[in-house]
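Hi everyone, thanks for coming along. Please have a look at the chain on the screen, and then we'll walk through it together.

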Amino acid sequence: MQAFAYGYAADMAEALAAGGAPNTVFLAGGTELLNWLRLGITKPARVIDIARLKGLAGVTRLPDGALRIGALTRLNDVALDDDVARDYPVLSEVILKSASAQLRNLATIGGNPLQKTRCGYFRAEEILPCNKREPGSGCSALNGINDKHAIFGWSEACVATQPSDPATALAALDALYVTEHREGGRRIKAEDLHTLPGETPHIDNTLRDGELIVGIELAGAAPHSAYLKLRERESYEYAVVSAAIALDLEGDRILRARIALGSVAQKPWRLTEAERALRGLAVSNTSAIRKAVDESFAAAKTLAHNAYKVPRAKNAAERAIRLAAARAW
């Protein structure tokens, strides 16, 4: 581990000023950052601890009815919040299927979506060719062990996937990440936070240097929502594929569908074609739903060892739609 300077921010102004310095990272729960430091994935000159910042934890109802979740709210506190569990069950479910209870008691909702990939080549103790870790070195997974890797949006520079469960649900909920920055904050659509690899796989997201996620906003309750996570073991394991669904229903009819898949790309992958095709369908019309989902996989491109992900992801989406539709208001 490379030596670094450590300090903590007493307030937001101090955090933004300190975070604007070159080669500086923020520390909240630390459940991922400490791994990166240990492996040498990240080699910052300075680490700024923001865990003591006031006003960034808790779930509050905004005047327009939207829900705001402070970025420093611990994952378990989000999942067990009454408003979240009632109005956004997909988010509660996705968190309770993430990591272990011990990690969920430490990890924050603002930090979790900023995870990098779980690709074994990227996280190896021995430094291997990996454009995400060392730009220009190559992608070992492209022609290597790639059974857990992307089926959408990958490039020859990188075939990794984004591992965050909460990020997938937040994309399906059309959530907004609220940020602060020394040059002004933003509201970033959840589906726009992460970037596809292209020729720059070392760039994980659209945040500027020193930009800090301070909250997440959810508008419009989504009680007909659900999360389905397929993994190799039920306890404490990352998804092979996952599906987060939010439906607006009128009786048996789908007025609007939002579908995000996890662990299939370097960002939560919205099935926009299926979302359009599902409008007006009866939830009991399983053949039409299956067709809508199937056709949205036209852009899927498999690697040598991960073709199995396509049928599993389709099945996950279809099953999650049924689960969401069956959920009582």
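I'll start with the whole chain and then visit a few helices and loops.

One thing to keep in mind throughout is that this is a predicted model. The chain holds 11 helices and 12 strands. Its radius of gyration is 20 Å, close to the 20 Å that the globule rule gives for 329 residues, so the chain is as compact as a globular protein of that length. If you drew a box around the C-alpha atoms along the principal axes, that box would be roughly 60 × 50 × 35 Å.

How much of the chain is buried? Of the 329 residues, 53% are buried. Now think about who touches whom. Among contacts with a separation of 6 or more, 64% are between residues 24 or more positions apart. On the outside, the accessible surface comes to about 14,400 Å², and carbon and sulfur atoms account for 51% of that. As for charge, there are 41 positive and 38 negative side chains, and the centres of these two sets lie 2 Å apart.

Let's move on to a helix, α11, which runs over residues 309-326. With 18 residues at 1.5 Å a residue, α11 should span 26 Å, and its end C-alpha atoms are 25 Å apart, which agrees. Which of its residues are buried? The list is K309, V310, A313, K314, A316, A317, E318, A320, I321, A324 and A325. Here is a handy rule for reading a list like that: an α-helix has 3.6 residues a turn, so residues three or four places apart point the same way. And what do the buried residues of α11 pack against? Their partners are the strands β9 (225-230), β10 (241-250) and β11 (253-262), together with the helices α9 (272-278) and α10 (286-295).

Next comes α5, a helix that is mostly covered, with six of its eight residues buried. Those buried residues are P89, V90, L91, S92, V94 and I95. Let me pick out E93, which also sits in helix α5. Setting aside residues up to four places away in sequence, E93 touches A226, Y227 and R327. By contrast, E93 and I203 are 110 residues apart along the chain, and their C-alpha atoms are separated by 29 Å.

Just after that helix we reach A99, in the loop between α5 (89-96) and α6 (101-104). A99 has a positive phi of about 50°, although it is not a glycine. With a relative accessible area of 29%, A99 is partly exposed. D174 also has a positive phi, near 55°, and this residue is not a glycine either. You'll find D174 in the loop between α7 (165-172) and β6 (176-180). Its relative accessibility is 32%, and D174 therefore counts as partly exposed, the class between 20% and 50%.

Let's stay with loops for two last stops. R182 is in the loop between β6 and β7 (187-189). Is R182 buried or partly exposed? Its relative accessible area is 44%, which makes R182 partly exposed. R182 and A15 are 167 residues apart in sequence, yet their C-alpha atoms are 9.5 Å apart in space. Leaving aside neighbours within four places in sequence, R182 is in contact with L16, G20, D209 and G210.

Our final residue is A219, found in the loop between β8 (212-218) and β9. A219 is exposed, with a relative accessible area of 55%. Even so, A219 touches A66 and Y88, again not counting residues up to four places away in sequence. Compare that with F122: A219 and F122 are 97 residues apart along the chain, and their C-alpha atoms are separated by 36 Å.

That's the tour. Thanks for listening, and do shout if you'd like to go back to any stop.

Note on methods. Residues numbered from 1 in each chain as written. Predicted model: local features only at pLDDT ≥ 70, side-chain atom pairs only at ≥ 80, totals over all residues. Heavy atoms only, no water. Helix = DSSP H or I, 4+ residues; strand = E, 2+ residues; numbered from the N terminus. Rg over C-alpha atoms; globule rule 2.2 N^0.38 Å. Buried < 20%, exposed > 50% of the residue type's maximum accessible area, 1.4 Å probe, protein only. Contact = heavy atoms within 4.5 Å. Areas by Shrake-Rupley, 256 points an atom, 1.4 Å probe, with all protein chains shown as cover. Lys, Arg positive; Asp, Glu negative; His and termini not counted. Charge placed at Lys NZ, Arg CZ, Asp CG, Glu CD. Expected span 1.5 Å × (residues − 1).
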